[in-house]
Amino acid sequence: MQRAKTFRISFVFLTLALLCSWLLNISSGSVSIPFAEVLSTLFGETPEIASWEYIIWDYRIPKAFTSILVGGGLSLSGLLMQTLFRNPLAGPFVLGISSGASLGAALLLMGTSLLAGYTSFSFLGDISMAIAASIGSFLVLLIVMLVAQRVKDTMALLIIGLMFGSITSAIVSVLAYFSSAENLQRFIFWSFGSVGNISTNQLLLLGSIVALGVLLSIISIKSLNAFLLGENYAQSLGVSLKKSRLTIIIATGLLAGGITAFAGPIAFVGLAVPHLTRQIFDTMEHKVLIPAVMLYGAILMLLCDTLAQLPNSASVLPINAITSLVGAPVVIWLLVRKRKMMF
Amino acid sequence: MAEFDKNILSIKDLTIGYDSKIVAEHIYFDLKAGMLCGVVGINGIGKSTLLRTLGGFQPKLSGNVLLKGQILEKYTSPNLSKELSVVLTEQPASKNLTVQELIALGRQPYTNWLGTLTKDDKQQIEDSLEAFLLKELRHRKCHELSDGQLQRVLVSRAMAQDTSLILLDEPTTHLDLYHKVQILKMLQELAHDKQKTILFTTHEIELAIQLCDRILILDGKENPFGDPCQLIEQKHFDRLFPSEMVQFDAKTGSFKISK
């Protein structure tokens with residue numbers, strides 16, 4: 001019971017940290033706005049310079065919420081995959097799920113123009129992009145799942161994930177070769193990853209996709225916990241393997257696919273955050289871990305985005321580079337301290 | 001005590017194996033509540049296949065398996081999990097679980113959709129921890145435990161599942177003699193005190209003879225089943241291994257290397 005109390009304190013602490021990083025995120029950007037002005041604008045007052053109101057409400061706040069959805073959702077999908085594949089190194093990026101989403105996006109952005117001769121992108125819209133990326137990630141996830149049934153070796157699974165990455169990037173190169181410069185540029189910018197430039201409608205759509213993924217994860221809490229013992233034990237505890245496996249896969253596909261569609265392939269968040277979370281929350285209970293990884297992921301993403309903005313300068317770094325710079329060393333550090341790299 | 005006389009597990013003319021290959025056939029036996037039963041036989045004779053079939057992990061080829069008078073296949077998965085628990089040779093997938101967390105998972109068949117533990121569940125977990133001397137270790141992670149301790153945790157989890165039948169696949173492998181005896185004695189206590197029916201596969205024939213109420217010998221032909229003393233009298237153990245290598249000594253109930 002002592003532990004329940006420490007968890008509660010950690011949750012309060014994380015929520016405060018989330019609030020702070022959210023404020024930090026919206027108060028920094030290419031245009032420098034004094035913190036006091038940011039606060040008063042948030043409380044509905046008109047700032048000194050009228051355009052600040054627009055910058056804060058129409059650009060920075062949607063961007064901050066996107067970061068929260070992206071960070072929280074990717075981390076949750078990483079947690080689900082680590083439990084499902086019984087593999088501490090599983091994550092949307094490592095297992096090729098993000099590559100699948102990229103392939104879906106590439107086929108949509110570049111392939112359609114190839115087939116139809118000339119099509120304008122606006123015709124396709126956001127939803128088709130989300131669907132294409134989700135389908136791409138689902139397909140890869142299903143294939144990896146099928147392979148995982150045969151290959152019990154965790155290393156082999158990771159190598160297969162890497163190979164998927166290679167295959168998709170090869171197909172993307174072929175597509176790129178035949179694609180128009182405009183479409184190619186669109187794809188490349190997408191692949192850098194970005195949480196900005198998302199309209200309110202897109203944000204609502206992303207929010208609904210993430211919410212659905214979270215909901216499916218919550219109803220899977222019990223089977224996720226049973227999977228910690230292995231599939232045979234889970235079955236002996238009354239878990240319907242097919243049904244719960246499918247629910248978890250759909251949740252992962254929605255989270256990883258949907259987010260990748262809107263924000264591009266963002267590396268390492270899904271893999272690293274569950275491990276970082278377990279440093280604070282020393283438990284395997286998914287009831288605690290699901291909200292914890294989502295909070296942690298959201299905080300990390302907000303901070304990475306703040307860094308990517310390069311405060312007070314006009315340039316924005318690709319967020320994918322920042323998360324890799326933060327995430328990859330974390331994974332190495334965890335691997336070196338091998339004991340902690342368990343799931 | 002009519003309830004006591006009923007068979008918990010009743011096997012009639014069971015054939016086990018995989019689609020194309022029969023592993024063992026003509027298996028008959030009945031187990032009542034509170035009985036500890038060992039399954040012995042040489043490697044590859046089908047001990048684990050039998051256990052996997054009884055546990056519902058693979059379909060039988062023919063014959064009948066009755067659990068509490070009902071055909072095994074007729075049980076829904078949630079209902080079966082309240083009547084049958086297993087301890088497998090595979091290690092838990094996550095060794096980052098604490099002893100208490102792992103044992104608490106045994107209560108899943110009884111908890112609500114979120115897995116909230118009631119007072120009753122917590123009591124069961126406490127009893128299971130106590131029965132297998134795990135109270136001191138409750139907050140330890142599984143990767144910090146010795147083989148013997150981990151085995152006790154896995155059996156304790158099966159006890160927490162509170163089922164009438166517990167199946168264990170080779171619970172004594174990788175353990176030294178002391179821990180082998182310890183785990184088997186604990187199983188015997190669990191069977192006799194809590195009226196659980198326990199079936200386990202083992203290579204420890206000499207220990208099984210001393211501790212079990214019933215033994216099933218898988219020999220690929222008759223598959224004799226009965227009281228250990230009875231089986232010794234009928235010289236069933238003598239035929240278990242090729243006699244030019246080892247011989248069974250009926251007086252001491254042990255095997256001797258042939259000179």
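Biologist: In this predicted model, what covers the buried residues of helix 12 of chain A?
Modeller: Helix 12 spans residues 269-280 of chain A. The buried residues of this helix include A:Val269, A:Leu271 and A:His275. Among the elements that cover the buried residues of helix 12 are three helices of chain A, namely helix 3 (50-84), helix 13 and helix 14 (319-336).

Biologist: How many of the 12 residues of helix 12 of chain A are buried?
Modeller: A residue counts as buried if 20 or more other C-beta atoms lie within 10 Å of its own. A:Gly270, A:Ala272 and A:Arg278 are among those of helix 12 that meet this condition. Helix 12 is largely enclosed by the rest of the structure, because its buried residues number nine.

Biologist: What distance separates the end C-alpha atoms of helix 12 of chain A?
Modeller: At 1.5 Å a residue, the 12 residues of this helix should span 16 Å. The model agrees with that expectation, since the end C-alpha atoms are 17 Å apart.

Biologist: Is helix 13 of chain A mostly covered or mostly uncovered?
Modeller: Helix 13 runs over residues 286-308 of chain A and reaches 31 Å from its first C-alpha to its last, close to the expected 33 Å. Of its 23 residues, 19 are buried. Helix 13 is therefore, by the same burial count that leaves helix 12 largely enclosed, mostly covered.

Biologist: Which residue takes a positive phi just after helix 13 of chain A?
Modeller: Helix 13 ends at residue 308 of chain A. Just beyond this helix, a phi of about 45 degrees is found at A:Leu310.

Biologist: What is the radius of gyration of chain A?
Modeller: The secondary structure of chain A comes to 14 helices and zero strands, and 50% of its 343 residues count as buried. Its C-alpha atoms fill a box of roughly 65 × 60 × 35 Å along the principal axes. A compact globule of 343 residues would have a radius of gyration near 20 Å, so chain A agrees with that estimate at 20 Å.

Biologist: Turning to chain B, which strands are the edge strands of its open sheet of six strands?
Modeller: The order of this sheet is 6-7-8-3-9-10, with mixed pairing. An edge strand pairs on one side only, and in chain B this applies to strand 6 and strand 10 (225-226).

Biologist: Which helix of chain B packs on the sheet and touches strand 3 and strand 8?
Modeller: Strand 8 (residues 197-201) pairs with strand 7 (residues 165-168) of chain B in the parallel sense over four bridges. In this pairing, B:Leu165 stands opposite B:Thr197. The helix that touches strand 3 (36-40) and strand 8 covers residues 177-194, and its direction makes about 155 degrees with that of strand 8; this is helix 7 of chain B.

Biologist: In what sense do strand 1 and strand 2 of chain B pair?
Modeller: A hairpin joins these two strands of chain B through two residues. B:Leu9 stands opposite B:Leu31 of strand 2. Strand 1 (residues 7-18) and strand 2 (residues 21-32) form eight bridges, and the sense of their pairing is antiparallel.

Biologist: How many residues of chain A are in contact with chain B?
Modeller: On the side of chain B that touches chain A, helix 3 (77-80) and strand 6 (84-87) of chain B each supply at least two residues. The residues of that side divide into 11 nonpolar, nine polar and three charged. These 23 residues of chain B meet a set of residues of chain A that numbers 20.

Conventions: Residues are numbered from 1 along each chain as its sequence is written. Chains are lettered from A and ligands numbered from 1 in the order in which they are written. This is a predicted model: local features need pLDDT of at least 70, side-chain atom pairs count only at pLDDT 80 or more; totals for chains, interfaces and linings use all residues. Two residues are in contact if their C-beta atoms, placed from the backbone, lie within 7 Å. Ala, Val, Leu, Ile, Met, Phe, Trp, Tyr, Cys and Pro count as nonpolar, Asp, Glu, Lys and Arg as charged, and the others, Gly among them, as polar. Two strands pair if DSSP finds at least two bridges between them. Axes are lines fitted to C-alpha atoms, for helices over the stretch in contact, and angles run from 0 to 180 degrees between N-to-C directions. The radius of gyration is taken over C-alpha atoms; the globule rule is 2.2 Å times the number of residues to the power 0.38. The expected span of a helix is 1.5 Å times one less than its number of residues.
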